[in-house]
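The following exchange examines a single protein chain through questions and answers. Please consult the sequence and the structure while reading.

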Amino acid sequence: MTDLIKKRIANHPTECFRLYQTPAGFRIIATHDVVSPSDNVVEGWFAYFHADTNYVRLCQVQQCFRARITAKPWRMSEVENKKLAKDIPAKDFWFGSENTDIDSSIEQRQHELKARKQWMADYDKYAKNYRACHYVESMVGKEVARESGSGAPSHIDEFIQWHDKACQVEKNLEMA
């Protein structure tokens with residue numbers, strides 16, 4: 001992926017990217033400009049960098065760039081060790097049930113909500129021991145390097161700092 005990015009910025013000297021390794025591949029953040037998933041350049045990036053087709057579809061439908069900033073539960077050893085369930089309880093909590101007995105329905109939903117809250121508390125406790133990705137390298141196009149040095153405008157740099165902290169990029173933790 002590093003070679004692909006270097007080749008890209010050699011041919012597009014105004015572009016800059018940060019590369020991260022994730023548990024299942026790579027994450028790339030463009031640092032030279034703010035773009036929208038519907039921008040023409042993004043379609044080219046998705047093709048050039050061989051983006052996952054599900055990722056591309058979700059970005060286009062939701063008009064946002066999706067990136068996991070915390071561990072996936074099923075990648076955490078606590079799931080394997082049965083300290084945490086693989087899936088969050090009461091996934092359909094907000095959709096209600098077809099139960100016509102109101103009293104038992106309310107009681108059941110309260111039980112489901114309690115289980116869901118406990119799972120979330122357990123997840124938060126264990127997830128802080130994992131990072132979502134690992135920073136690999138920043139690559140800056142020649143024209144950008146000549147003009148500003150880093151290639152990241154301040155608002156993008158602020159986002160990168162938030163992203164790296166939320167993902168625990170710099171911590172020596174297992175990725176999940």
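Q: Which residue is the bridge partner of Y20 in β2?
A: The model is a predicted one. In it, β1 and β2 pair in the antiparallel sense over six bridges. Within β2, the residue that partners Y20 is R27.

Q: What is the order of the strands in the open sheet of three strands?
A: Strands of a sheet pair through backbone hydrogen bonds, in either a parallel or an antiparallel manner. In this open sheet the pairing is antiparallel. β2 (25-30) and β4 each have a single partner strand and stand at the edges, so one side of each is left without a neighbour in the sheet. The order is therefore β2-β1-β4.

Q: What is the average twist from one strand to the next?
A: The sheet concerned is the open one of three strands, with antiparallel pairing. From each strand to the next, its twist averages 20°.

Q: At about what angle to β1 does α7 run?
A: Two helices can be described against these strands. α1 lies across β1, β2 and β4, and runs at about 20° to β4. α7 lies across β1 and β2, and its angle to β1 is about 10°.

Q: How many residues apart are D164 and R18?
A: D164 and R18 form a salt bridge, with their closest N and O atoms 2.8 Å apart. The pair links distant parts of the chain, since D164 belongs to helix α7 and R18 to strand β1 (residues 16-22). Both residues are buried. Their separation along the chain is 146 residues.

Q: Which residue meets K6 in a salt bridge?
A: K6 is in helix α1 (residues 2-11), and its partner lies in strand β4 (residues 134-140), 131 residues apart from it. K6 is partly exposed, with a relative accessible area of 40%. The partner is also partly exposed, at 27%. The side chains meet at 3.7 Å, N to O, and the partner is E137.

Q: Is E15 buried or exposed?
A: The side chain of E15 meets that of R8 in a salt bridge of 2.7 Å, N to O. R8 counts as buried because its relative accessibility is 11%, under the cut-off of 20%. E15 has a relative accessible area of 5%, which means that E15 is buried.

Q: How many salt bridges does the count come to?
A: One of them joins K6 and E137. Another joins R8 and E15, and D164 forms one with R18. The count comes to three.

Q: Over the face of which residue does R8 lie?
A: R8 takes part in a salt bridge with E15. Its position over an aromatic face is 5.8 Å from the ring centre. The residue that carries this ring is Y48.

Q: What kind of aromatic pair do F46 and Y55 form?
A: A pair of aromatic rings is described by the distance of the centres and the angle of the planes. For F46 and Y55 the centres are 5.9 Å apart and the planes are at 85°. An angle over 60 degrees places a pair in the class that applies here; the pair is edge-to-face.

Q: What is the angle between the planes of Y48 and F49?
A: Y48 is partly exposed, with a relative accessible area of 23%, whereas F49 is buried, at 9%. The rings form an edge-to-face pair, 5.0 Å centre to centre. The angle between their planes is 80°.

Q: Which residues do ring pairs link into a cluster?
A: The count of aromatic pairs comes to seven. Y48 and F49 form one such pair. Ring pairs link these two residues with others into a cluster, whose members are F17, W45, Y48 and F49.

Q: Is Q168 buried or exposed?
A: Q168 is found in the loop between α7 (154-166) and β5 (174-175). Its phi is near 55°, a positive value in a residue other than glycine. The relative accessible area is 12%, under the cut-off of 20%. Q168 is therefore buried.

How values were computed. Residues numbered from 1 in each chain as written. Predicted model: local features only at pLDDT ≥ 70, side-chain atom pairs only at ≥ 80, totals over all residues. Heavy atoms only, no water. Helix = DSSP H or I, 4+ residues; strand = E, 2+ residues; numbered from the N terminus. Buried < 20%, exposed > 50% of the residue type's maximum accessible area, 1.4 Å probe, protein only. Salt bridge = Lys/Arg side-chain N within 4 Å of Asp/Glu carboxyl O. Phe/Tyr/Trp six-rings, centres within 6.5 Å; stacked < 30°, edge-to-face > 60°. Lys NZ or Arg CZ within 6 Å of the ring centre and 35° of its normal. Pairing = 2+ DSSP bridges. Axes fitted to C-alpha atoms, helices over the stretch in contact; angles between N-to-C directions. Contact = heavy atoms within 4.5 Å.
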